[in-house]
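Here are a few short exercises to work through at your own pace. Keep the sequence and the 3D view open while you go.

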Amino acid sequence: RFSNDLNAVDRAVSNSLYQALLFALLGLSSVVVLFFVEWRLACVTLVALPIAALGPEIFGGRAVRAGQQKKEQEADLSGLVHQSIRGQRIVQAFGLQAAMVGRFHEHIGRLYYSSVWATLFSSFAGKTSNLGVLLVQLLVIGVGAFLALEGFLSAGMLIGFIGLLLNVGDATTQLTALCPDLVQATVGLRRIDELLDESEDEAAR
């Protein structure tokens, strides 16, 4: 029942978490270099970067809750299938085939809607963050162009700053691409914690 949860956690720990740390370090180091290149634009970047975090902040929690609901629906469907297989003779003896098929279709419908919402919220968390990164880049480039036109910044310095700014945006984009795996791992950890809590309660009794 919890094999998928363990696989999600293992995938996140062995792969996604490592990549997330790598891209986070890349983004932070690029931001530090930005201050050495042009501190005014770097300050604008640092102030505007929280815009990129609005998407995960809004949709991240919803993605986790939707993913947990999806896992619960998968577990219910799996339990129904096992129940049907083990009680096949009883179902046939009492003519319960139609009722079991109806329950199966009902669980399939619930799982379908749970999967749709989980996928949508996970996608929104990543896509809105990418949109925020794009807005930050446009804002910083606009401010840099204004400073260059006013003579406060050379064109070469602006081009060099934009190159580093693209590195920050690429690192952020790669981080948001890991959101679905991290969300699944979070859901898996919650379900495993619930299982362990239930086991402790039963042992206490």
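## Exercise 1: the core around Val 140

Val 140 touches Leu 41, Val 44, Thr 45, Phe 161 and Leu 165, with residues up to four places away in sequence not counted; contact here means heavy atoms within 4.5 Å. Before going on, note that this is a predicted model in which local features need pLDDT of at least 70, side-chain atom pairs count only at pLDDT 80 or more, and totals for chains, interfaces and linings use all residues. Residues are numbered from 1 along each chain as its sequence is written, and side-chain values use heavy atoms, with hydrogens and water left out.

Task: find which residues of the largest nonpolar core touch the most other members.

Solution:
- Start with the term: a nonpolar core is a set of buried Ala, Val, Leu, Ile, Met, Phe, Trp, Tyr and Cys residues joined through side-chain atoms within 4.5 Å.
- The largest such core has 14 residues, and Leu 34, Leu 41, Val 140, Leu 153 and Phe 161 touch the most other members.
- Next, look at the helices (DSSP runs of H or I, at least four residues, numbered from the N terminus): α1 (3-37), α2, α5 and α6 (155-177) each supply at least two residues of this core.
- Helix α6 gives the most, with 5 residues.
- A second, separate core of 9 residues includes Phe 59, Val 64, Ala 118 and Ala 125.

## Exercise 2: two polar residues

Task: decide whether Glu 38 is buried or exposed, and do likewise for Ser 16.

Solution:
- Recall the cut-offs: buried means under 20% relative accessible area, exposed over 50%, and partly exposed in between (1.4 Å probe, protein chains only).
- Glu 38 lies in the loop between α1 and α2. Its relative accessible area is 7%, so Glu 38 is buried.
- Leaving aside neighbours within four places in sequence, Glu 38 contacts Leu 153 and Phe 161.
- Ser 16 sits in helix α1. Ser 16 is buried because its relative accessible area is 1%.
- From C-alpha to C-alpha, Ser 16 and Cys 179 are 9.0 Å apart in space, while 163 residues separate them in sequence.

## Exercise 3: confidence

Task: which helix has the lowest mean pLDDT, and which the highest?

Solution:
- pLDDT is the predictor's confidence in each residue, from 0 to 100.
- The protein averages 78, and 84% of the residues score at least 70.
- Helix α7 (residues 179-204) has the lowest mean, 65, and helix α2 (residues 39-48) the highest, 89.
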